[in-house]
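Colleague: I am new to this structure and would like to get to know it by asking questions. Could you show it to me, please?

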Amino acid sequence: MAIRQLSETLINQIAAGEVIERPASAAKELIENALDAGATRIEIATSGGGKALLRVSDNGSGMDAADLELAIRRHCTSKISGSLEDIRTLGFRGEALPSIGSVARLSIASRKRDSAGGHEIAVAGGKILHIRPAAANPGTIVEVRDLFFATPARLKFLKTEKAEAGAITEIVKRMAIAFPAVRFALSGSDRTTLEFPATGDDHLARMAQVLGKDFSDNAIALDAVREEISLTGFAGVPTFNRGNSAHQYAFVNGRPVQDKLILSAIRGAYAETIPSGRYPVAVLSITLDPALVDVNVHPAKSDVRFRDPGLVRGLIVGAIREALARDGSRAATTGAGDMLRAFRPGFQPKADRPQGGWSAETSPSRPYQPPASFGERPQAAFDGLSMPTARAEPQLSPQRAAPEPAARYPLGAARAQIHANYIVAQTEDGLVIVDQHAAHERLVFEAMRKALQSKRLASQVLLIPEIVDIPEEDCDRLMLHATEFAELGLAIERFGPGAIAVRETPAMLGEVDAHGLIRQLADEIAEWDTASGLSAKLEYVAATMACHGSVRSGRRLRPEEMNALLREMEVTPGSGQCNHGRPTYIELKLSDIERLFGRS
C-alpha cells in the first residue's frame with residue numbers, strides 16, 4: 001500500500017480529536033487565548049451545553065486581518081519563538097483554533113485597540129468561508145456553532161447538555177480562581193447566569209466567590225518555599241471536607257492542572273485527619289522556573305511533568321501539614337450551622353395535627369392559658385428543693401483560689417459533663433462541646449507519632465530470614481533506603497541480584513507479611529521515589545492503639561481532668577479531629593445561641 005500525504009483538513013480533524021474532546025475543551029482553549037491577550041473582562045455564552053453555541057468575548061489586545069488569517073492555521077502562534085523551555089503563556093501550540101474550525105462552524109471578529117475598524121473570518125469544516133471588514137469593539141469575539149458537525153461520530157460520545165454545560169462551568173471556575181483580577185461572566189439559554197467580579201489581588205475573595213463564603217472562614221493560608229519552588233494558596237481545615245475531590249484546585253505558574261502527583265500529595269498531607277471517602281478542600285498555586293516543568297506532555301495541557309517530582313510532593317505535604325499543625329485544630333464553622341439546623345423545629349407530624357379542621361381551642365395562635373399544674377398550690381411542693389445546676393467546678397474553700405476565667409483559653413473552661421461522654425466548656429463568646437473519647441484518642445496518637453519520629457523503633461529479629469524475590473531494579477531502589485528502614489525497625493540486606501533478605505521487622509507490627517510489605521514498598525518507591533509506606537503502616541497501628549488506649553465513652557471525669565484535656569487539645573496539632581477524621585469538638589457562638597431563642 002502506497003504512503004500518501006493526508007489533506008490539511010483531515011490532519012486538523014485528527015488533531016481536534018486530541019485537543020477538542022468536548023465543548024468544555026473548546027471553552028478552555030478560547031478562555032486561555034483571551035487571557036494571553038491581556039483581557040480583563042471575559043464573557044462566555046453557551047447553548048445546548050456548548051454543542052449548539054459557544055461564544056467567548058474579551059477586551060484583549062485583538063487581531064488584524066493578517067493575524068486572523070494565520071490564527072486558523074496549524075502551529076501559528078504569537079506566544080513562543082523557538083524554545084519550549086521558557087513557556088510563560090497558557091497557550092503555545094497553535095492548534096486550538098484550527099482544530100475547532102475543522103470540526104465546527106467558527107467565526108472570529110476582532111479589532112486591535114489602536115485600529116479604526118475590525119475584521120471577521122469564518123471557517124466551516126476546515127474551509128475558509130470569508131474574511132472581511134466588520135464592526136467590532138476592541139478585543140475579540142469567537143463564536144463556535146454546531147460543534148463536531150463535521151465529525152458526527154464524536155457527537156455520539158458526548159454527554160447530556162446539562163452535563164456538558166456543567167463541565168464548562170467547572171472550566172470557568174478554575175480559570176476564575178487562577179486570575180482574580182479578571183471579571184468572568186457565564187450565561188446562556190441552558191444555564192443560570194454566573195458572574196465573578198474582579199477582586200484584584202485578593203485571591204481569597206475570589207475563592208469565596210467560587211467555593212462559597214464558608215471556605216474563607218475555614219481556610220488556612222499556605223506560603224512555603226523549597227529551593228527554587230514556591231507554594232501559596234489555602235487549605236481547608238480537616239473537618240471542612242467534601243464527598244469528592246472536585247473542590248481541589250491546583251495551578252502551576254498560573255495554569256490550571258489536574259496532576260496526579262499534586263492530588264496524591266494533598267491526599268497524603270491530610271492522612272489520618274479526614275474520614276475515608278471524604279476529601280479536603282484546597283487551592284494550591286505552585287510557582288517555579290518554566291525550565292523545571294514540562295507543560296507539553298499532552299495537547300490538552302492539563303498534565304505536567306516536574307523535573308524533581310519528589311521535591312514538589314515534599315513541599316506540598318510539608319506546607320499543608322505545617323499549616324494544619326499551626327491552625328488546623330479549630331473546628332469547621334459549618335458544624336455550628338448543622339447544630340442550629342438540628343435545633344430548629346420542623347413541621348408538626350401529621351399524626352399530631354388536630355383533626356376536624358381549624359378551631360380556636362386547638363389553634364397554635366390561640367391566647368396563652370397557663371396549665372393548672374403551674375398554679376401556686378402545686379408549685380408550693382417544690383419550695384424545699386434546691387435549684388439544679390450544670391456547673392462542674394468543685395466547691396471552693398476560702399483558702400483555694402478561684403479557677404482562671406474561661407476567656408484565657410481558646411477552648412474555655414469545663415462547666416459540665418453530659419451523658420458521660422461530652423464535655424461542655426464555656427468560652428469568652430460562646431460554648432464548646434467536646435467528644436472526650438475522640439479528643440483523647442487524637443492526643444494519644446500524636447504522642448505516639450512523636451515518639452516514632454524521635455527515636456529508632458524497636459524491632460524483632462526473625463529466627464529464619466524471609467527471602468523476597470523481586471526484580472533487580474526494585475532491589476536497587478530498596479537498598480538505597482535501607483538506612484531509613486532500619487530506623488523504622490525493618491532490617492533488610494541484598495540476597496543475590498534479584499532478592500532481598502528481611503532479618504528484622506518492626507515490633508509494633510507484630511506478625512508481618514514480609515513479602516507483601518517489601519513488594520508494596522518497592523512499588524511505592526518506583527512510583528514516587530519515597531519510602532513512606534512503612535511509616536504509614538506504623539502510624540496506622542499507632543492510631544489503632546490510641547483508639548483502644550484513650551479515655552472511653554461513659555467514663556466520668558473530674559473537673560480537673562476535663563480542663564487538663566482541654567488545655568492539652570489547645571497545644572496539640574490536629575486536635576480538631578480524631579484519627580478517623582471526625583470532629584472532636586463543636587463551637588457554638590453566643591450569637592448563635594441567641595438566635596435559637598429569638599434574641600437577635
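Colleague: Thanks! Let me start with one residue: what is the relative accessible area of Lys112?

Modeller: Happy to help, and please keep in mind that this is a predicted model. Residues count as buried under 20% and as exposed over 50%. Lys112 falls between these limits and is therefore partly exposed. Its relative accessible area is 29%.

Colleague: Which side chain does Lys112 meet in a salt bridge?

Modeller: Lys112 sits in the loop between β3 (105-111) and β4 (118-124). Its partner is in the loop between β2 (53-58) and α3 (65-71), 48 residues apart from Lys112. That partner is partly exposed, at 30% relative accessibility. The N to O distance is 3.8 Å, and the residue that Lys112 meets is Asp64.

Colleague: How many salt bridges does a search of the whole structure find?

Modeller: The pair of Lys112 and Asp64 is a salt bridge. Another joins Arg132 and Glu120, and some that share partners join Glu43, Arg183 and Glu195 into one network. For the whole structure, the search gives 23.

Colleague: How far apart are the closest N and O atoms of Arg132 and Glu120?

Modeller: Arg132 lies in strand β5 (residues 127-134) and Glu120 in strand β4, so their pair ties together parts that are twelve residues apart in sequence. Arg132 counts as partly exposed, at 43% relative accessibility. A salt bridge needs the nitrogen within 4 Å of the carboxyl oxygen. For Arg132 and Glu120, the distance between the closest N and O atoms is 3.4 Å.

Colleague: And how many residues apart are Lys589 and Asp429?

Modeller: The side chains of Lys589 and Asp429 meet in a salt bridge, at 3.3 Å from N to O. Both count as partly exposed, Lys589 at 31% relative accessibility and Asp429 at 37%. Lys589 belongs to strand β24 (residues 585-589), while Asp429 is in the loop between β19 (422-427) and β20 (430-435). Along the chain they are 160 residues apart.

Colleague: Let us turn to Phe148. Is Phe148 buried or exposed?

Modeller: Phe148 lies in the loop between β6 (139-145) and α5 (152-155). Leaving aside neighbours within four places in sequence, its contacts include Ile20, Val103, Ala104, Leu155 and Leu158. Its relative accessibility is 1%. Because the limit for a buried residue is under 20%, Phe148 counts as buried.

Colleague: What is the phi of Phe148?

Modeller: Here a general point helps: most residues other than glycine have a negative phi. Phe148 is not a glycine, yet its phi is positive. Asn253, in the loop between β12 (248-252) and β13 (255-257), also has a positive value, near 55 degrees. For Phe148, phi is about 70 degrees.

Colleague: Now the helices: at roughly what angle do the axes of α9 and α10 cross?

Modeller: Helix α9 covers residues 260-269 and helix α10 residues 309-327, and their axes come within 9 Å. Among the residues that meet are Leu261, Ile262 and Ile266 in α9, and Val312, Ile316 and Leu324 in α10. By class, this contact has eleven nonpolar, two polar and two charged residues. The crossing is right-handed, and its angle is roughly 35 degrees.

Colleague: What is the order of the strands in the open sheet of three strands?

Modeller: The edge strands are β21 (459-469) and β22 (491-494), each pairing on one side only. Strand β23 (residues 499-506) is joined to β21 by seven bridges, and Ile467 stands opposite Ala501 in β23. The pairing in the sheet is antiparallel, and the order is β21-β23-β22.

Colleague: Which helix packs on that sheet?

Modeller: The helix in question covers residues 472-480 and touches β22 and β23. Its direction makes about 135 degrees with that of β22. This is helix α14.

Colleague: One last thing: what percentage of the residues in the chain is buried?

Modeller: The chain has 19 helices and 24 strands. Among its contacts between residues at least 6 apart in sequence, 69% join residues at least 24 apart. Of the 600 residues in the chain, the buried ones make up 43%.

How values were computed:
Residues numbered from 1 in each chain as written. Predicted model: local features only at pLDDT ≥ 70, side-chain atom pairs only at ≥ 80, totals over all residues. Heavy atoms only, no water. Pairing = 2+ DSSP bridges. Helix = DSSP H or I, 4+ residues; strand = E, 2+ residues; numbered from the N terminus. Contact = heavy atoms within 4.5 Å. Axes fitted to C-alpha atoms, helices over the stretch in contact; angles between N-to-C directions. Left-handed = near helix turned anticlockwise from the far one by under 90°. Nonpolar A, V, L, I, M, F, W, Y, C, P; charged D, E, K, R; others polar. Buried < 20%, exposed > 50% of the residue type's maximum accessible area, 1.4 Å probe, protein only.
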